[in-house]
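Trainee: I would like to work through this model with you. Can we take it one question at a time?

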Amino acid sequence: MIQIPDIANATPIQILFCVLSVITLATAFLTIYSKKPMHNAIYLVICFTSISGHYLLLNAQFLALVNLIVYIGAIMILMLFTIMLMNLNKENEVHKPRITRLGAIVVFCLMCLVLIAMFMNSKPIADGSYDVTGEDYQSIQVLGKLLLNEYMVPFEFASVLLLVAMIGAVLLSKKEKIEK
């Protein structure tokens, strides 16, 4: 039997979690469903910000700030430059058929149902304790050692990928200016 939590006994953290979850899901859906590219980018920024709020609720302040700096500060700016460089107009844009939009809505609803079923069927830990390894992954020093020792190669690949994307965007914009 499904147990619905009592809203009157909810803590402020639980209420904030629910509000952030609704904002995250709504803006993620609007990012996909919106017709204007600039609106898509704005919805995605709001979605990333609410995800940072989730990280703060999990007491992962460093991860929340890195999410804000990297995703909102860097990647979204690159996406906005790309949208502006592409100069998307209504006349040139290919309209998506209704079946594609309907398919996106169906997939979104199915994903929500799977997530809800997964959370409802999960079993909480009886005594409320978790296995603790003793490692402090909130420490910037431990995180830096882990990132620059064990995950050095993927970190460098991500750096090179972002550098190539930035150079490509600059070359594309200069090429268009030369052709005009």
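The questions below go from the overall fold to single residues.

Mentor: Two ground rules. This is a predicted model, where local features need pLDDT of at least 70, side-chain atom pairs count only at pLDDT 80 or more, and totals for chains, interfaces and linings use all residues. Residues are numbered from 1 along each chain as its sequence is written, and side-chain values use heavy atoms, with hydrogens and water left out.

Trainee: How many helices and strands are there in the protein?
Mentor: Helices (H or I, at least four residues) and strands (E, at least two) are DSSP runs, numbered from the N terminus. The elements run α-α-α-α-α-α from that end. The count is 6 helices and 0 strands.

Trainee: What share of the residues is buried?
Mentor: Buried means under 20% relative accessible area, exposed over 50%, and partly exposed in between, with a 1.4 Å probe and protein chains only. The protein has 180 residues. Its buried share is 12%.

Trainee: How much area does the protein expose, and what part do carbon and sulfur atoms supply?
Mentor: Accessible areas come from the Shrake-Rupley method with a 1.4 Å probe; for residues, only the protein chains shown count as cover. The exposed total is about 14,800 Å². Carbon and sulfur atoms supply 72% of it.

Trainee: Which residues does UniProt list for "transmembrane region"?
Mentor: Positions are in the numbering used here, feature names are shortened, and annotations may be inferred rather than shown by experiment. The entry is unreviewed. In the model, residues 12–33 are 100% helix, with end C-alpha atoms 31 Å apart. Per UniProt, the list is 12–33, 40–58, 64–87, 99–120 and 151–172.

Trainee: Which residues make up the largest nonpolar core?
Mentor: A nonpolar core is a set of buried Ala, Val, Leu, Ile, Met, Phe, Trp, Tyr and Cys residues joined through side-chain atoms within 4.5 Å. The largest has 6 residues. Helix 2 (37–57) and helix 3 (61–86) each supply at least two of them. The members are A41, L44, F48, I72, M76 and I83.

Trainee: What does F48 touch, beyond residues up to four places away in sequence?
Mentor: Contact means heavy atoms within 4.5 Å. F48 is buried in helix 2. The buried residues of helix 2 pack against helix 1 (12–33) and helix 3. F48 itself touches N67, Y71, I72 and M76.

Trainee: Where is the kink in helix 3 centred?
Mentor: The bend at a residue is the angle between axes fitted to the seven residues ending there and the seven starting there. Helix 3 has 26 residues and reaches 36 Å, close to the 38 Å expected at 1.5 Å a residue. That expected span is 1.5 Å times one less than the number of residues. The kink is about 30°, and its centre is M76.

Trainee: Is H54 buried or exposed, and what is its relative accessible area?
Mentor: H54 lies in helix 2. Leaving aside neighbours within four places in sequence, H54 is in contact with F17, L20, S21 and T24. H54 is buried, because its relative accessible area is 15%.

Trainee: What is the phi of N59?
Mentor: N59 is found in the loop between helix 2 and helix 3. N59 is partly exposed, with a relative accessible area of 47%. Most residues other than glycine have a negative phi. N59 is not a glycine, yet its phi is positive, about 65°.

Trainee: How far apart in space are A165 and L78, C-alpha to C-alpha?
Mentor: A165 is in helix 6 (residues 152–179). A165 is partly exposed, with a relative accessible area of 40%. A165 and L78 are 87 residues apart in sequence. In space, the separation is 8.7 Å.
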